[in-house]
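Reader: I should be grateful for a close examination of one part of this model, namely chain B, together with the side of chain A that touches chain B. Please treat the fold of the chain before turning to the contact between the two chains.

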Amino acid sequence: MIEVHELTKRYGDVLAVDHLSFAVPSGQVTGFLGPNGAGKSTTMRMVLGLDAASSGTATVDGRLYVAQPTPLRSVGALLDPGAVLPSRRAHHHLLALAAGNGIPRERVAEVLDEVGLQSVGRRRTGTFSLGMRQRLGIAAALLGDPPVLIFDEPLNGLDPEGIVWMRSLMRRMAAEGRTVLMSSHLMSEMELTADHLIVIGRGRLIADTSMEDFIAAHSDRQVVVRSPQVEVLRRLLGGRAGVRVDDVDGGPGLLVTGLEAAEIGALAAAAGLELHELTSRQPSLEQAFMDLTRDAQEYRSDAEPTR
Amino acid sequence: MSATTTGSTVRADDTRAREGTVASEQPAERARFRHAVHSEWVKIRTMRSSLFVVLGTLASTAGLAALNGSSAGGDHARLTAAEQATFDPLAISLMGYLLAQIALGLLGGLVITSEYGARTIVGTLTSVPHRARVLAAKALVLAGVALPVGLLVSATGFVIGQASLAGQGAPHLALSDGLALRGIMGGSLYLTLATLLGLAIGTVIRSTTATVTTLFGVMLIVQAFAPALPGTLGDWVSRYWPPMAGGQVVTGYRDPDLLGPWAGLGLMAAAVAVLLAVGFVVFGKRDA
């Protein structure tokens, strides 16, 4: 379990992380979301003791990272896949990390095997693609077989097969009872992988909820309507309070926000309009996230008129 | 040095059943300083520059000893009596320390600047979050490399340099002379201090290029310009500038205006200790 309490990081006048508190429980994949610059990486770095907190605490299983008896056996982390010496061979890179925690050298071959790099373990990491470096970084995170895993953008550079592999790895780790915290900007993947979400913006907590609740709470319900009399329909629906009508992607039709499908059907029937399609859109994490951050931006521009 | 490189062959029957388990099989041993030292040893051993530095140091020391020995030896007969009185076979044979100190200082710097350059400092500090432990392990491993390398290059330089002097019929020393032992041991200690100086500078400034530049300035440029400095300042620098004072340990002729060999080396050691202490403070406080 990762616990962050009133965590704050200040760079001069800028608050990168602003009194952030949340807990990441074990046994599930927790997605860590936020726009660029929201403070996700800084938060992860403070959990790992790489950056010092200006105030507040971040602990793993009740201990500061620096107080972990064997850090790699408590927490495995992938922060920066590019963080390898290009002239060093992959297995030496892992061996140096393992040695620092007294992890036996046999474990290096095991994790290389686990991430599918067994055949290239003796190559210099400078010859690796970004996807291979991601896998090497994941191998490093798994060295100590830790109960807590922290992944910052682990899907960057992975090919489709790699993304599916990564998803099943994280699901398996959570199923084994581990704590898994992952950040990603790939919303569709996040929706497939994570059970729980922590969303931050400008260093502050915006949401800490289950995936279903988050999507239900933050996405507007939308309905796709297609009709030969699309312009008539647009005037009919668009004039109503609280209703937004946009063009739908892929052919003539309307994307209606703020009305249920049944209401639209009734209005069209009353006006004698012919409908060819009337579909409720399944709300997605991507939609919910966009809606939420759009709201947050509106809130911010109201709150800080001097900028 | 390379006894521990092999051994991580992939096992075909490597299927660990660990469904439903989280804890590691063996009871976790608390990570200690010796683990950090092992980690740093693996890193320095697998850094390509390490081998280049050692070979380069050896080649430049041996080469300079041969060239300097035969050229100075050839000139000896034409020197005045006063010049012959200050003729210093030890210093002539160990001249290569001027280059060796830069090479080993660079190795000391690279051990930390390469981590910042490649960002591997992130992995290093997640494996060993105790900052002081990391830096102390780096210093210990560097000393463990520099001391024998320093011994090897000093002995090689001495033997080749004295042979070259002998070949020219100039005064020369034997390995059995007390001065030889002091020069070789002292040279080795001096080069070890130079390596740690590189580590201290690299820790504080983090950039490889800036570290090399600083090492050149501190170890060669000041030395080259000291005679040109005005009177008292020049005398003071020649006497007390740590690398110059430390360099007295590889000279045989005693200039009464300069510190003695061991006093000079002690001054160098004190300066390196102070800079390393600064390195520990900075490294401990700074975000990775």
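Author: The account below takes chain B by itself and then the contact with chain A. The model is a predicted one, and every value that follows should be read in that light.

Chain B contains 12 helices and 0 strands. Read from the N terminus on, its elements accordingly run α-α-α-α-α-α-α-α-α-α-α-α. The C-alpha trace of chain B spans about 85 × 45 × 30 Å along its principal axes.

An automatic or database assignment divides chain B into domain 1, residues 1-30, and domain 2, residues 33-285. Between the C-alpha centres of domain 1 of chain B and domain 2 of chain B there is a distance of 41 Å.

Of the 288 residues in chain B, 45% are buried. Among the contacts in chain B with a separation of 6 or more, 81% join residues 24 or more positions apart.

As to the contact between the chains, 43 residues of chain A are in contact with 39 residues of chain B. On the side of chain A that touches chain B, the elements giving two or more residues are helix H2 (71-74), helix H3 (90-99) and helix H4 (106-114) of chain A. H3(A) provides the largest share of that side, with 6 residues. By residue class, the side of chain A that touches chain B comprises 21 nonpolar, 11 polar and 11 charged residues.

Note on methods. Residues are numbered from 1 along each chain as its sequence is written. Chains are lettered from A and ligands numbered from 1 in the order in which they are written. This is a predicted model: local features need pLDDT of at least 70, side-chain atom pairs count only at pLDDT 80 or more; totals for chains, interfaces and linings use all residues. Two residues are in contact if their C-beta atoms, placed from the backbone, lie within 7 Å. Helices (H or I, at least four residues) and strands (E, at least two) are DSSP runs, numbered from the N terminus. Ala, Val, Leu, Ile, Met, Phe, Trp, Tyr, Cys and Pro count as nonpolar, Asp, Glu, Lys and Arg as charged, and the others, Gly among them, as polar. A residue is buried if 20 or more other C-beta atoms lie within 10 Å of its own, exposed if 12 or fewer, and partly exposed in between; C-beta atoms are placed from the backbone.
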